[in-house]
Amino acid sequence: MLRMVGFGENIGSGFPKIISAWKETNWGEPELKNKIELDEVELVLPVPAMTANVVKDVVKDVVKELTDR
């Protein structure tokens, strides 16, 4: 319903946007893996080691702020 009124997208339509944005970072080539036996597609986004540590720190900070709710 939301797609029909312009507030949603078709399934999978976000992949091209994600891939093009990732290529702009120059962090490596994104990879789409089609897993037919599981009926799913996996998107692998390479992250430089330094950036991965920053992401881990941010996740730790966010988790600290979560409540039981």
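Read along the sequence, the protein follows the pattern α-β-β-α, with 2 helices and 2 strands in total. The model is predicted.

**Overall surface and contacts**

Of the 69 residues in the protein, 6% are buried. The protein exposes about 6,300 Å², and carbon and sulfur atoms supply 59% of that area. Among contacts with a separation of 6 or more, residues 24 or more positions apart account for 20%.

**The strand pair**

Strand 1 spans residues 31–35 and strand 2 spans residues 40–44; the two pair in the antiparallel sense over 5 bridges. Within this pairing, Asn34 of the protein stands opposite Val41 in strand 2. The two strands form a hairpin with 4 residues between them, and Asp39 lies in the turn.

**Residues with positive phi**

Most residues other than glycine have a negative phi. Asn26 departs from this sign, with a phi near 60°, and Asp39 has a positive phi of about 55° although it is not a glycine. Asn26 is placed in the loop between helix 1 (15–25) and strand 1, whereas Asp39 belongs to the loop between strand 1 and strand 2. Asn26 counts as exposed because its relative accessible area of 69% is over 50%. Asp39 is likewise exposed, with a relative accessible area of 72%.

The relative accessible areas of the residues discussed individually in this report are listed below.

| Residue | Relative accessible area | Class |
|---|---|---|
| Trp22 | 16% | buried |
| Trp27 | 33% | partly exposed |
| Val59 | 45% | partly exposed |
| Asn26 | 69% | exposed |
| Asp39 | 72% | exposed |

**The aromatic pair**

The structure holds 1 aromatic pair. Trp22 and Trp27 form this pair, with 5.3 Å centre to centre and 80° between the planes. The arrangement is edge-to-face because the angle of 80° is over 60 degrees. Trp22 is buried because its relative accessible area, 16%, is under 20%. Trp27, at 33% relative accessibility, counts as partly exposed because this value falls between the limits of 20% and 50%.

**The nonpolar patch**

Val54, Val55, Val58, Val59, Val62, Val63 and Leu66 make a nonpolar surface patch of about 600 Å². One of these residues, Val59, has its place in helix 2, which covers residues 49–65. Val59 is partly exposed, with a relative accessible area of 45%. Val59 can be counted in the patch because this 45% is over the required 30% relative accessible area.

Notes:
Residues are numbered from 1 along each chain as its sequence is written. This is a predicted model: local features need pLDDT of at least 70, side-chain atom pairs count only at pLDDT 80 or more; totals for chains, interfaces and linings use all residues. Side-chain values use heavy atoms; hydrogens and water are left out. Two strands pair if DSSP finds at least two bridges between them. Patches are made of residues with over 30% relative accessible area and no salt bridge: like charges are joined within 9 Å, nonpolar side chains (Val, Leu, Ile, Met, Phe, Trp, Tyr) within 5 Å. Accessible areas come from the Shrake-Rupley method with a 1.4 Å probe; for residues, only the protein chains shown count as cover. A salt bridge is a side-chain nitrogen of Lys or Arg within 4 Å of a carboxyl oxygen of Asp or Glu. Buried means under 20% relative accessible area, exposed over 50%, partly exposed in between (1.4 Å probe, protein chains only). Contact means heavy atoms within 4.5 Å. Rings of Phe, Tyr and Trp (its six-membered ring) pair if their centres lie within 6.5 Å; planes under 30 degrees apart count as stacked, over 60 as edge-to-face and the rest as tilted.
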